[in-house]
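Good morning, colleagues. Please bring the sequence and the model up on your screens, and I shall take you through the structure in a few minutes.

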Amino acid sequence: MKKEDCYFLGKITRRHGLHGNVFLKLDTDQPEMYSKLDTVFVDINGLLVPFFIAKQSWSKGETLIVSFKNSTEALVDQVVGKDVYLPLTGLPKLTGNKFYYHEVVGFEIREEDGKSCGIIETINDQTGQHYFVLTLAEKHIVIPIIRDWILELNREEKFIKMALPEGLMDVFLIPSKKDE
């Protein structure tokens with residue numbers, strides 16, 4: 001399994017108890033979708049290694065307590081702190097203006113009039129307000145991901161048309177003048 005064929009599910013944060021269980025912190029806004037996992041892929045030294053789940057239960061929030069089949073102490077030590085992935089084929093297809101973050105990296109953001117705002121390089125979802133990070137004219141531009149601003153998502157032509165507030169692009173593109 002290649003990493004580009006998978007999506008990031010979460011991270012194994014630490015051990016739980018003495019019986020080889022680990023905490024799996026999910027990185028999702030729909031944790032209930034993962035209440036019956038059979039297999040996960042753990043990134044060990046750049047390789048995705050399959051791990052089969054013997055049992056799992058919820059801890060709190062988006063955290064699962066997981067026990068792997070044929071688990072040993074050495075195996076548990078090896079997976080703590082590692083990223084966990086699942087195959088993209090397991091994700092349900094989204095339609096309309098709904099999208100997965102990994103799906104739109106490389107898409108162009110356009111204003112209502114069709115003017116380009118740049119290409120999505122990354123998406124920051126580590127803050128309360130998630131945002132696109134774009135590059136245009138060798139400058140980094142940050143656009144908040146606000147569903148009401150998204151007018152159109154075109155998967156074939158790889159662009160997202162947005163109704164951006166007046167002046168948002170100017171903040172990044174027009175040099176500021178120093179006060180006298």
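The second largest pocket is lined by L88, T89, L91, P92, K93, L94, Y100, H102, E103 and R155. Please bear in mind that this is a predicted model. The second largest pocket encloses about 230 Å³ of space. Its lining residues comprise 5 nonpolar, 2 polar and 3 charged.

I turn now to the largest pocket, which holds about 980 Å³ of space. Its lining is made up of 25 residues, and those closest to the pocket centre are D27, D29, Y100, Y101 and D125. Three elements each give two or more residues to that lining, namely β1 (6–16), α2 (101–104) and β8 (116–124). Of the lining, β1 supplies the largest share, with 3 residues. By class, the residues lining the largest pocket are 14 nonpolar, 6 polar and 5 charged.

Where does the largest pocket lie with respect to domain 1 and domain 2? Residues of domain 1 (3–89) and residues of domain 2 (101–172) both contribute to the lining, so the pocket lies between the two domains.

That brings me to the domains themselves. The protein is divided into domain 1, covering 3–89, and domain 2, covering 101–172. The C-alpha centres of domain 1 and domain 2 are 32 Å apart. UniProt, in an unreviewed entry, lists residues 9–85 as "domain: RimM N-terminal". The same kind of record is available further along the chain: in an unreviewed entry, UniProt lists residues 102–168 as "domain: Ribosome maturation factor RimM PRC barrel".

Let me set out the secondary structure over each of these annotated stretches. Over residues 9–85, the chain is 9% helix and 53% strand, and the C-alpha atoms at the two ends are 5 Å apart. Over residues 102–168, the chain is 6% helix and 51% strand, with end C-alpha atoms 24 Å apart.

I shall take the closed barrel next. It has 6 strands that run β1-β2-β5-β4-β3-β6, with antiparallel pairing. On average, and with direction ignored, neighbouring strands in this sheet are turned by 45° against each other. As a general reminder, strands of a sheet pair through backbone hydrogen bonds, in either a parallel or an antiparallel sense.

Consider β1, with its partners on either hand. With strand β6 (residues 83–87), β1 pairs in the antiparallel sense over 5 bridges. Within that pairing, Y7 stands opposite L86 in β6. With strand β2 (residues 21–26), β1 again pairs in the antiparallel sense, here over 6 bridges. H16 stands opposite N21 in β2. The strands β1 and β2 form a hairpin with 4 residues between them, and G17 in the turn has a positive phi of about 75°.

Elsewhere in the barrel, strand β4 (residues 47–58) and strand β5 (residues 63–68) are joined in the antiparallel sense by 5 bridges. There, Q56 has V66 of β5 as its bridge partner.

What is the strand order of the open sheet? This sheet has 6 strands in the order β10-β9-β8-β7-β12-β11, and the pairing is mixed. At its edges are β10 (139–144) and β11 (150–154), each of which pairs on one side only. Neighbouring strands of the open sheet are turned by 35° against each other on average, direction again ignored.

Within the open sheet, β8 and strand β9 (residues 131–136) run antiparallel and are joined by 5 bridges. One facing pair places I120 opposite L134 in β9. The next pairing, of β9 with β10, is antiparallel over 6 bridges. Here V133 stands opposite V142 in β10. How many residues lie between the strands in the hairpin of β9 and β10? There are 2 residues between them, and A137 in this hairpin takes a positive phi near 50°.

To close, I return to the pockets. Strand β1, which pairs with β2 over 6 bridges, also gives the largest share of the lining of the largest pocket. Strand β8, joined to β9 by 5 bridges, is likewise among the elements that give two or more residues to that lining. Y100 is one of the residues closest to the centre of the largest pocket, and Y100 is also listed in the lining of the second largest pocket. Thank you for your attention.

Technical notes: Residues are numbered from 1 along each chain as its sequence is written. This is a predicted model: local features need pLDDT of at least 70, side-chain atom pairs count only at pLDDT 80 or more; totals for chains, interfaces and linings use all residues. Side-chain values use heavy atoms; hydrogens and water are left out. Domain bounds come from an automatic or database domain assignment. UniProt positions are given in the numbering used here, feature names are shortened, and annotations may be inferred rather than shown by experiment. On a 1 Å grid over the protein atoms alone, a cavity is a set of points where a 1.4 Å probe fits but cannot get out, and a pocket is an open set with protein on both sides within 12 Å along at least five of seven lines; lining residues have an atom within 4 Å of a point. Grid points are joined across faces, edges and corners, and a volume is the space filled by probe spheres set on the points. Ala, Val, Leu, Ile, Met, Phe, Trp, Tyr, Cys and Pro count as nonpolar, Asp, Glu, Lys and Arg as charged, and the others, Gly among them, as polar. Two strands pair if DSSP finds at least two bridges between them. Axes are lines fitted to C-alpha atoms, for helices over the stretch in contact, and angles run from 0 to 180 degrees between N-to-C directions.
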